[in-house]
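Biologist: I have some "why is it called that" questions about this model. Can you go through the labels with me and show the reasoning behind them?

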Amino acid sequence: DERKPKLYILDYGAGNVRSLANSIKKLGFDFEWIKDESDFDKAEKLIFPGVGAFGQATESLRTSGLIHPLLRYIHSGKPYFGICIGMQVLFSSSDESPGSEGLSVVPYHIKPFSTKDDYEGGKGKKSVPHMGWNGSWRAWKVQGGEEKLMLDEDYYFVHTFAALLPQTASSPSSSTSTSTAPAPETIGDWAYTLSRYGSETFVSSIKKDNVFACQFHPEKSGPAGLDLLRRWLAAPVESLSVSLTVAARTWQATNPTSVSRASGTGLTNRIVACLDVRSNDAGDLVVTKGDQYDVREKASDGAVRNLGKPVELARKYYVNGADEICFLNITSFRSSALLDQPMLDVVRAAAETVFVPLTIGGGIKDTVDPDGTSRSALQVAGAYFRSGADKVSIGSEAVLAVEELLQREKDGVKPVLTGKTGIETISKGYGAQAVVVSIDPKRVYVDTTHEDWLDSFPKAHLPCLVIGSKATSRTAPQEKDKAWWYQCTISGGRAVRDIDVVQLAKGVERLGAGEILLNSVDRDGSGLGFDLDLISLVKNAVDIPVVSSSGAGSGQDFVEVFRETGTEAALAAGIFHREQVGIDEVKACLEKEGMPVRNSKL
Ligand code: 1PR
C-alpha cells in the first residue's frame, strides 16, 4: 500500500494521551511522539491531544521551546488535528489563565461555562464541568441560501472552559424559540460546528485549511469518534490542506438552542457500567458484586462471588453501549496500588479496547509499600492515568479529608484548605474533571415517636434530614412517615463516620473534585431502584455532576432517577453482570420516554 504520511503526536505531559495512542493503533496507523523541535520538520501530520489548564499547556510549550516550531508547522500548511486543549491553545487567550497567551491562530477568547442558567428543563443552574455526551451541530448551506443545522454525532466532552458564542437575546430564555438573534461576530473566516450546553452555545469543532480541532475527545467517543479519527488519518495530506468549501460563517437563522434536544442541558443521559474488582481466594482478579457491600456467596462455601473477568466484561459493556466504564478495586486498601500490578494491567488492557471514559477507584491515597517506600496519592493516580484511566475515584480518603477540613473550620485554624489532600493535588495536577469522589452513605432512621424528637436531632445534620420519602420509587409507600439522614462510611461501608452526605459532597466540591459517584449501602444490589431522596439531596447541594448508583433493577428505574433527580449519569453493576437488563435495553427505555441517549450502534 502507498506509503502512509508520517504521523506525530505532541504530548505536553498532562492528560490521558494513551487512549489516543490506543485508538490510532486500533485504526491501523502508526505514529511517533514529538521529542524535540526537529521532529516538527519530519512530521507530515500532527495531532496535539490532552486535557489540562490553558496556562499550564501554553507554559509547558513555551518552556520546552515548542511554541515557534509548532506555529511554523501550522503555517507550513501541513495537517494539524487539535483535541480539547490542543484546540484551545490555538486561541488567543482564556479566562482560565489570565495573562497567558495562546498561539492566536484563532482570533477568539475562551470563557468558562456559567453554573447559573435558566435553560428550559433546568432548575436555574447546571453542573460544571460540562462532562458527558453532547451533539456537535454541523451547519451547511442548503439551496435558497438558508442554513440548516444537523446533529452530526454525540461526542464525549469534558471541560469547564469553552469558545462561547455571545448569548443571543432570545436563546437564554427558552430553548424552543427560533432565534432571530443578530449575528454575533464570527470567528474570522473559520468554519465551525456548534454545541449547546444549557442556554450557552459554544464551538465544538473548528476548521480552516490544514487546521482541524475539536473540543470533544474523539478517542473517547466510541465508534463515532473512532470514525472521525479514521477519516482524518486516512485522508491524503493534500485533501486536508484544502480550505473548507463551507460558506463564510454567518450566524444560522436557527441556533442550536432551538434544534438540539428541545429541552434539558443538551447532554445525553449517561449510562455507566460498574465493575467491582477484587482478588478471589485463589488470588485472581475477578469481577464481583455485593449485596449491601457483602460480596461473599450466601450459599455454598462463602467464596467470593465470581461474575467474570474484568477486561472481557468491560469490553462487552462497551460494545453494548455503555457510555462509561468504572472499575472499583474493592480490596485495594489491603495492598499498595502501585504494587497492585494486576489492577494497573486491567486498566491498561481495558484502555486498548474500550474507547469511552474509564474511571478507576479503590486505594487512591497516600500509601506506604511493604518495603517502606511511601507513595503519594498523586503518584498512585499518575500510574493509573499513564495506564489509560481518564478519572480516578477517591472514597475513604475523601471522608477523612473533609472531616479534617470541617474540624479546622470549627477550630478557626487557617488555612482551611491545605492543598495537601489527594483530591487537591490530583485535581491541580490533572484537572478537576479527572477526580471523582465515591460516597458510600448509609441511612440512619430517626425515632419520631416522641414529639420533641426534632430537638434532640443533631443540628449539623439537619440539611441531610429526610422526613417522609418524597420519592416515587417502589419503596416509598412503607417509608412515607419515617425520617432518616445519610451517614457516610469508609473502607467499603465497614466503618461509619460522624459526617453526613451533604457535608461530604459540599466538602469535596470545595477541595476540587470534578464529579461525585453516589452509592447507597442500603440499595446496593437490592434491585429496589435508586434512592431518589439521597440523590436529590446531593444534586441540590453541589454544582458538579453526580453519577447515581446502587439499586437499579429495571430500565424503568433509570427513567425514574433521571426524571426525578436531574442526575447527569446513572450507574449499575448487578443487573448488567447477571444479564437481567442489557445496557441497550436501558437506553431503549429512556428513548421511549423521549430522554436523549447516545446512539452507540457500533
Ligand atoms: O475507599 O478509596 O479505597 O474506594 C473503595 C471503593 O470501592 C469505593 O468506591 C467503594 O464504594 C467501593 N467498595 C468498597 N467495598 C465495596 C463492596 O461492595 N464491598 N463497592 C465497594 C460498593 C459499588 C458498586 C456500585 C453500585 C452497584 N459498591 O457496586 O456503585 O453499588 O450496585 P447495583 O449492583 O445495585 O447496581 P477507597
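Modeller: Sure, let's start with strand pairing, and keep in mind that this is a predicted model. Strand 6 (residues 106–112) and strand 9 run antiparallel to each other and share two bridges.

Biologist: What makes strand 6 and strand 9 count as a pair?

Modeller: The cut-off is at least two bridges between the strands. Strand 6 and strand 9 have two bridges, so they pair by that rule. If you want a spot to look at, Pro 112 sits opposite Phe 161 in strand 9.

Biologist: What is the order of the strands in that open sheet?

Modeller: The order is 5-6-9, three strands with mixed pairing. Strand 5 (91–94) and strand 9 (161–162) are the edges, because each has a single partner strand and so one side without a neighbour in the sheet.

Biologist: How do you know that strand 15 is mostly covered?

Modeller: Count the buried residues: in strand 15 (residues 324–329) that is six of six. Buried means under 20% relative accessible area. Glu 324, Cys 326 and Leu 328 are buried on one side, and Ile 325, Phe 327 and Asn 329 are buried on the other. That listing by side fits the general pattern, since side chains in a regular strand alternate between the two faces of the sheet.

Biologist: Which strands does strand 15 pair with?

Modeller: Strand 13 (residues 270–279) runs parallel to strand 15, joined by six bridges. Strand 16 (residues 358–361) is also parallel to strand 15, with four bridges. Val 272 has Glu 324 as its bridge partner in strand 15, and Phe 327 has Ile 360 as its partner in strand 16.

Biologist: Why is Thr 359 called buried?

Modeller: Thr 359, which lies in strand 16, has a relative accessibility of 4%. The cut-off is under 20%, so buried is the right label. Leaving out residues up to four places away in sequence, the contacts of Thr 359 include Glu 324, Ile 325, Cys 326 and Phe 327, as well as Lys 391 and Val 436.

Biologist: Which residues have the most contacts inside the largest nonpolar core?

Modeller: Ile 325, Phe 327 and Phe 558, in a core of 100 residues. Beyond four places in sequence, Phe 558 touches Ile 271, Phe 530, Ala 552, Ala 570, Ala 572, Ile 575, Phe 576, Val 586 and Leu 590. There is also a second, separate core of 38 residues, with Leu 66, Ile 74, Val 89 and Val 106 among them.

Biologist: Why are helix 15 and helix 17 called oblique?

Modeller: The axes of helix 15 (residues 555–565) and helix 17 (residues 583–592) cross at roughly 50° and come within 8 Å. Roughly parallel needs an angle under 35 degrees and roughly perpendicular starts at 65, so the pair is oblique. The crossing is right-handed. Phe 558 turns up here again: it is one of the helix 15 residues, along with Gly 555, Gln 556, Val 559 and Phe 562, that meet Val 586, Cys 589 and Leu 590 in helix 17.

Biologist: And what makes helix 1 roughly perpendicular to helix 6?

Modeller: Helix 1 (residues 17–26) and helix 6 (residues 222–234) pack at about 65°, with their axes 10 Å apart. The roughly perpendicular range is 65 to 115 degrees, so that label applies. This crossing is right-handed. Leu 20, Ser 23, Ile 24 and Lys 26 in helix 1 meet Leu 226, Leu 229 and Leu 233 in helix 6.

Biologist: On to the backbone: what is unusual about phi at Cys 84?

Modeller: Most residues other than glycine have a negative phi. For Cys 84 phi is near 55°, which is positive. Cys 84 is in the loop between strand 4 (80–83) and helix 5 (85–88). Asp 209 also has a positive phi, about 50°, and is in the loop between strand 11 (200–208) and strand 12 (211–214).

Biologist: Are Cys 84 and Asp 209 buried or exposed?

Modeller: Cys 84 is at 6%, under the 20% cut-off, so it counts as buried. Asp 209 is at 28%, between 20% and 50%, so it counts as partly exposed.

Biologist: Which peptide bonds are cis?

Modeller: Val 128 to Pro 129 is one of them, with omega about 15°. Another joins Lys 414 to Pro 415, with omega near -10°.

Methods
Residues numbered from 1 in each chain as written. Predicted model: local features only at pLDDT ≥ 70, side-chain atom pairs only at ≥ 80, totals over all residues. Heavy atoms only, no water. Core = buried A, V, L, I, M, F, W, Y, C linked by side-chain atoms within 4.5 Å. Buried < 20%, exposed > 50% of the residue type's maximum accessible area, 1.4 Å probe, protein only. Contact = heavy atoms within 4.5 Å. Axes fitted to C-alpha atoms, helices over the stretch in contact; angles between N-to-C directions. Parallel < 35°, antiparallel > 145°, perpendicular 65-115°, else oblique. Left-handed = near helix turned anticlockwise from the far one by under 90°.
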